[in-house]
Protein chains: 4
Amino acid sequence: MTDNVSARDYGRLIVQGADRPGIVSGVSSVLAEHGANIVALDQTSSDPSGGRFFQRTVFHLQDLSVKIGALNAALEQRLTEELGLTYRLVEARRRKRVAIFVSKADHCLLDLLWRQRRGELNVTIPMVVSNHPDLGDDVRGFGIPFFHVPVEKGKKPVAEKEQLNLLKGNVDLLVLARYMQIVSGGFLEELGVPVINIHHSFLPAFMGAGPYQRAKERGVKLVGATAHYVTEDLDEGPIIEQDVIRVSHQESAQELQRKGADVERLVLARAVTWHCDDRVIRDGNSTVVF
Amino acid sequence: MTDNVSARDYGRLIVQGADRPGIVSGVSSVLAEHGANIVALDQTSSDPSGGRFFQRTVFHLQDLSVKIGALNAALEQRLTEELGLTYRLVEARRRKRVAIFVSKADHCLLDLLWRQRRGELNVTIPMVVSNHPDLGDDVRGFGIPFFHVPVEKGKKPVAEKEQLNLLKGNVDLLVLARYMQIVSGGFLEELGVPVINIHHSFLPAFMGAGPYQRAKERGVKLVGATAHYVTEDLDEGPIIEQDVIRVSHQESAQELQRKGADVERLVLARAVTWHCDDRVIRDGNSTVVF
Amino acid sequence: MTDNVSARDYGRLIVQGADRPGIVSGVSSVLAEHGANIVALDQTSSDPSGGRFFQRTVFHLQDLSVKIGALNAALEQRLTEELGLTYRLVEARRRKRVAIFVSKADHCLLDLLWRQRRGELNVTIPMVVSNHPDLGDDVRGFGIPFFHVPVEKGKKPVAEKEQLNLLKGNVDLLVLARYMQIVSGGFLEELGVPVINIHHSFLPAFMGAGPYQRAKERGVKLVGATAHYVTEDLDEGPIIEQDVIRVSHQESAQELQRKGADVERLVLARAVTWHCDDRVIRDGNSTVVF
Amino acid sequence: MTDNVSARDYGRLIVQGADRPGIVSGVSSVLAEHGANIVALDQTSSDPSGGRFFQRTVFHLQDLSVKIGALNAALEQRLTEELGLTYRLVEARRRKRVAIFVSKADHCLLDLLWRQRRGELNVTIPMVVSNHPDLGDDVRGFGIPFFHVPVEKGKKPVAEKEQLNLLKGNVDLLVLARYMQIVSGGFLEELGVPVINIHHSFLPAFMGAGPYQRAKERGVKLVGATAHYVTEDLDEGPIIEQDVIRVSHQESAQELQRKGADVERLVLARAVTWHCDDRVIRDGNSTVVF
């Protein structure tokens, strides 16, 4: 579902709110009135009567950067004031700024950096922050700044303050790419941008620590990974993407972990790509993924 | 992607044609003007500039059966005459009439009959036709008429005429559920409704006869199945759905065939379900599946 | 992994116990001394030093039925007495007798009956028992006895006694094919043969009732099914097989249930097939599946 | 199926040949006589009567390096001379030397280098050779020698001679990690070690060039990749591993290629890992993968 429509003059409009007749017509009329041509449109409703409405529209509009102000004003009038909806209007050419938090495991981090370098991931990566110095050389080899912010026992607030100083105003998304520290509710609130985490199990199975060891002990036949938005409730945030891989009795917990790592990096890469293409809409504790 | 919106007052509108600005807006305006509320909408374009446009819209309209004539006239005016598009307007409550052709293998047939009986497949099955008598009792056990039309060597035209006498005017779709005879181009033309076939390989690999034996000899690690619309060119029609299952050196060609049968019936059931929910649009020799 | 070696003169030998040097050599020597030719052999150890040893051997021995007594005596001597191992010696031509318990959902039941009829499942099915009368006609249509044993509130012991009267001595395996009653520890003990259950989730996620509804609410992107041996601890027994299928925000809980049903019947069929081919060895609360 | 038994004193014995009674017993007796303890054993036969026999045994033998000569002599006597079989005896601690050929696409190359660095791939990589200079810095960043050997039009023999000078005597396996040149039969013969290629389609579908474009045009619903041993017949060699990923009408040929790249690197990594763990045995134009 990667979006290859990222050049200039393309925009994305994400609309959500209480469902009612005429929304699709209303949205497309405003776009048509401003000369925009709809290129792709996905729409769903949680319930035909009285449900929640979700729509993602990709459109082309000559000189979008110049006209976006007027279009935004018209949408504000029609969608917010008349129809009581929430919307986001995005220029596809504006790349989201994505910071990555990591600890010692390199597989998710390197996969994201490599995808960004080869142009698969339409973002900029202004920084990687780690509580360990180990991966600094790898990151800097990609020409990306690496900051080492240790998290000392009992001094997490100090570390989080330093992290916030680095992040605030500089990023649109934070990705926890196997970052082995819990981030506080205060940090999330202060940061004010979405945070995506990769959890090394098929949630809600094996929440918490040591999922591969516990999967081995339980004798499961598949191990998985889950990318989700981070909320204050650990491992409980809205799920964006999941996948699994088959395992057998022959494999040790360590081998499950290796196989799982292949799933983790793919699942995280998909979740980040979809988020940055504005394909993911939060719906309570679930998500709509167009 | 099964569509659970099949009750009265729901309609589906399938639109396709050359892409141009304003189509989405045009369609949704006509629907809004007639009091219809859009429940789900999928739209895609083969190319942002100068491509082919495809859209599937599900809507709710009070007293649809009464108002469908007026709605159709308005769509004819706006879509066909003004925008040069092709469209289909369908009442969801009208179940498609599906005939099944079968030979001796029962797995695809029984799966379809069973899904229809339990209400998963929103169709009627007016008849099953076979060139062998073997499956008559099974079919009639479901309360469905079974007709035995032998295909004698060199006398296929006679058999096809008899088949056409049974089918013409009585069916909206013909499903070849492991029917081991090639149907002629003349038959297809004369029949005049879509025909779906299940091929027991991952097309275009192993086209033609004996795919499991050839898969075994080639040492492939996955076997698959393909549901496609039938055209005059054997095994070359537009693909609707495919899936695969893992196999190993331990398995004989006969065991590949057994495993493959599980894939065949799932793939065929999905293709028939999607077709009958008007989710599949032919696009040259490919398909759009919403 | 279906075993097509089921004709006369084929045997299976399952060995397990504390690992120690010389077991493979010991087993194969006894077989060779009695003129048996090893056709397939799988062996694993939970740990190279001091682990648990598991082996499944398929062999051919002319006039096996005549010679099995002598072979058994020699294995008893070498494996049990000298090496302290546990073993099972099975003639492949002896089909296991499988009873099925069911409630109202028919998908797992019909799939098993159909596979047995077409010769995929190398077993006999002496009876189907249900707490509801609904599926009687379907079962008897396959020529298989159907017994209705209602389970009245507060009177489960009465029902279980009646069930045991039907089963005891007549079956080698009991399959709970979406049987919506909890079977008691006393029943399991009294029955004395293995019991396989299909659970409609990817265990350990969504243990207990209503898994599809809870999966929908949690926003998971895959739903699954788990076949496991039944123990006194509900949904906690050793897992034999699991699989999953992808779902999306478009699908209601009811649609997840339909998709899940396709996974349930495949997973249960695999588990029963493997068990009856003596491919599954319990290892504490896990399983080895050769 | 990764093999974590790679420390000293572990050996692997691969046996193949015409099946006959007593082979398993013969092999395990020789091992037992020399004090070796069998840790894992897989065995299969292409046909119970008169088929081809394949066995992989992992064993532990104290001071293996010292005793391997005597063990080898005993196996030569028993397996080759008495039973007419072929065998390979390998010390697990001896890492295979793997050279990689690459052109401009980096995904398969970087994945292999990264797995080797993190210890997943139990090999050494003495060199990477490319017909383009582009990936030199990436390779050298891993501390691995990079050699640029251009292949000029009409001068392939010159290039192949230079490649052979680099490889001969220095490698146990050559991996073509999206190397976009055909290697000649003479090169393969002269090189004298196995060569593994990754093909960017689900063979035998879309053999030859441009598979993703052709997959798009054919409207397939899954794209895949195939790792196979290279033979003189292009894309026809024995298949080691295959996998697929689901695609839809929304995705362009370029996006299929991106998705396919994720499959390619996983499939190639599995094939190389299994080969280097001596899990893959060629069987005519197919393979046995234990």
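How much area is buried between chain C and chain A, and what share of that area do carbon and sulfur atoms give? Let's look at this predicted model one close-up at a time.

**Figure 1. The area buried between chain C and chain A.** About 2500 Å² is buried between these two chains, and carbon and sulfur atoms give 55% of that area. Three residues are good to find here: C:Arg218, C:Lys221 and C:His249 supply 29% of the area that chain C buries against chain A, more than any other three residues. Counting residues is another way to describe the meeting place: 29 residues of chain C are in contact with 29 residues of chain A.

**Figure 2. Salt bridges and polar contacts between chain C and chain A.** Six salt bridges are counted between the two chains. One to look for joins the side chains of A:Asp243 and C:Arg246, with 3.6 Å from N to O. Polar contacts can be counted too, and there are 14 residue pairs of this kind between chain C and chain A, with both residues at pLDDT 80 or more.

**Figure 3. The side of chain C that touches chain A.** Strand E11 (239-246) and strand E13 (286-289) of chain C each supply at least two residues to this side. E11(C) gives the most, with seven residues. Sorted by kind, the residues on this side of chain C are 13 nonpolar, eight polar and eight charged.

**Figure 4. Chain C laid on chain A.** A turn of 180° with a shift of 0.0 Å along the axis lays chain C on chain A, with an RMSD of 0.0 Å. The two copies are therefore related as by a two-fold rotation axis. To find your way to this axis, look for C:Ala205: its C-alpha, at 2.2 Å, comes closest to the axis among the residues of chain C. Which surface does each copy use? Because 100% of the interface residues of chain C are also interface residues in chain A, the copies meet through the same surface.

**Figure 5. B:Val139 and its surroundings in chain B.** This residue sits in helix H4 (residues 136-141) of chain B. Is B:Val139 buried or exposed? B:Val139 is buried, because its relative accessible area is 0%, and buried means under 20%. Leaving aside neighbours within four places in sequence, B:Val139 is in contact with B:Leu109, B:Leu113, B:Val128, B:Ile144, B:Pro145 and B:Phe146. You can also look for B:Asp106, 33 residues apart from B:Val139 along the chain, with 9.9 Å separating their C-alpha atoms.

Note on methods
Residues are numbered from 1 along each chain as its sequence is written. Chains are lettered from A and ligands numbered from 1 in the order in which they are written. This is a predicted model: local features need pLDDT of at least 70, side-chain atom pairs count only at pLDDT 80 or more; totals for chains, interfaces and linings use all residues. Side-chain values use heavy atoms; hydrogens and water are left out. Contact means heavy atoms within 4.5 Å. Buried area is the accessible area (1.4 Å probe) that two parts lose on being put together, summed over both. A salt bridge is a side-chain nitrogen of Lys or Arg within 4 Å of a carboxyl oxygen of Asp or Glu. A polar contact is a pair of N or O atoms within 3.5 Å; within protein, one must be able to donate a hydrogen and the other to accept it, and residues adjacent in sequence count only if both atoms are side-chain atoms. Helices (H or I, at least four residues) and strands (E, at least two) are DSSP runs, numbered from the N terminus. Ala, Val, Leu, Ile, Met, Phe, Trp, Tyr, Cys and Pro count as nonpolar, Asp, Glu, Lys and Arg as charged, and the others, Gly among them, as polar. Buried means under 20% relative accessible area, exposed over 50%, partly exposed in between (1.4 Å probe, protein chains only). Copies are superposed by least squares on the C-alpha atoms of residues with pLDDT of at least 70 in both.
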